[in-house]
Amino acid sequence: MRNVGYGRPGTEVIPAGWATNHRPVLAGTRRGDLALRKPGTTQAWSDDAEAMVSLPLPVHFTGTCRVQAIDTQARERVVAGDPETTVDYLITTDIDPAATLDTSPAQGDLATVTDTGDPLLDGRVFRVTRVGTGTELFERYLFCTLND
């Protein structure tokens, strides 16, 4: 049985059809493009270099995205004894209902955003630190830090 919360007597807090009605509105706010890949490289032959070269692993997810800074100020963290300046970002993308565990966004993925309208973000690489999920979600929330 589905748990339903009510506001006014007999009125659901989240009405039936809410997600269907609001999905296109939020989809319209995702103006950038997102490509996700696993960290690491693979070796391939380069005719130009006449040697084996390291290439990033292939992209396993693409979609539209919206990027926003979560923190308004960068903070310094100490990582393995070295100070690192980090800023946290939220990248919102669409959910692919046909996705599998191998093709869905995952913690540790590297995210590259393009066509965001912000030249300081386009082409940047983010590391996904957490992926938000839930029952009423029709967008996927990727909590990230800059990786480059």
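**Strand pairing and local environments in a predicted barrel model**

A closed barrel of six strands is formed in the order β1-β4-β7-β10-β9-β8, with antiparallel pairing; two strands are taken to pair if DSSP finds at least two bridges between them. Neighbouring strands of this sheet are turned against each other by 45 degrees on average, direction ignored, where axes are lines fitted to C-alpha atoms, for helices over the stretch in contact, and angles run from 0 to 180 degrees between N-to-C directions. The model is predicted, so that local features need pLDDT of at least 70 and side-chain atom pairs count only at pLDDT 80 or more, whereas totals for chains, interfaces and linings use all residues. Residues are numbered from 1 along each chain as its sequence is written, and side-chain values use heavy atoms, with hydrogens and water left out.

The secondary structure of the protein comprises one helix and ten strands, where helices (H or I, at least four residues) and strands (E, at least two) are DSSP runs numbered from the N terminus. Along the sequence, these elements follow the pattern α-β-β-β-β-β-β-β-β-β-β. Of the 148 residues, 26% count as buried; buried denotes under 20% relative accessible area, exposed over 50%, and partly exposed in between (1.4 Å probe, protein chains only). Among contacts with a separation of 6 or more, 51% are accounted for by residues 24 or more positions apart, a contact being defined by heavy atoms within 4.5 Å.

Strand β1 (residues 32-37) is joined to strand β4 (residues 59-69) by six bridges, and the two run antiparallel. Within this pairing, D33 has T64 of β4 as its bridge partner, and L36 is matched with F61 of β4. Strand β1 is also joined to strand β8 (residues 110-114), through five bridges and again in the antiparallel sense. In β8, the residue opposite D33 is T114. D33 is thus bridged to T64 in β4 and stands opposite T114 in β8. Strand β4 in turn pairs with β7 in the antiparallel sense over five bridges, with L90 of β7 as the bridge partner of Q68. Seven bridges connect β7 (residues 88-94) to β10 (residues 139-146), which run antiparallel; T93 stands opposite R140 of β10 in this pairing.

Strand β1 also contains R37. This residue is buried yet has no salt bridge, and the nearest side chain of opposite charge, that of D109, is 9.1 Å away. A salt bridge requires a side-chain nitrogen of Lys or Arg within 4 Å of a carboxyl oxygen of Asp or Glu; for charge, Lys and Arg count as positive and Asp and Glu as negative, while His and the chain ends are not counted. Residues up to four places away in sequence being excluded, R37 touches P56, L57, P58, V59, H60, D109 and L110. H60 lies in strand β4 and is buried at 18% relative accessibility. With the same exclusion of residues up to four places away, the contacts of H60 include R37 and D109, together with L36, K38, D102, T103 and S104.

The structure holds zero disulfides, a disulfide being a pair of cysteine sulfur atoms within 2.5 Å. C65 is in no disulfide, and its nearest cysteine sulfur, that of C144, is 9.7 Å away. C144 is likewise in no disulfide, with the sulfur of C65 as the nearest at 9.7 Å. Both residues are buried, C65 with a relative accessible area of 2% and C144 with one of 1%.

C144 is also among the contacts of T129, which touches Q107, F143, C144 and T145 when residues up to four places away in sequence are not counted. T129 is located in strand β9 (residues 125-132) and is partly exposed, at 31% relative accessibility. The C-alpha atoms of T129 and L110, 19 residues apart along the chain, are separated by 9.7 Å.

Most residues other than glycine have a negative phi. E50, which is not a glycine, has a positive phi near 50 degrees. E50 is found in the loop between β2 (41-46) and β3 (51-56) and is exposed at 62% relative accessibility. D115, also not a glycine, has a positive phi of about 55 degrees. The loop between β8 and β9 holds D115, which is exposed with a relative accessible area of 52%.
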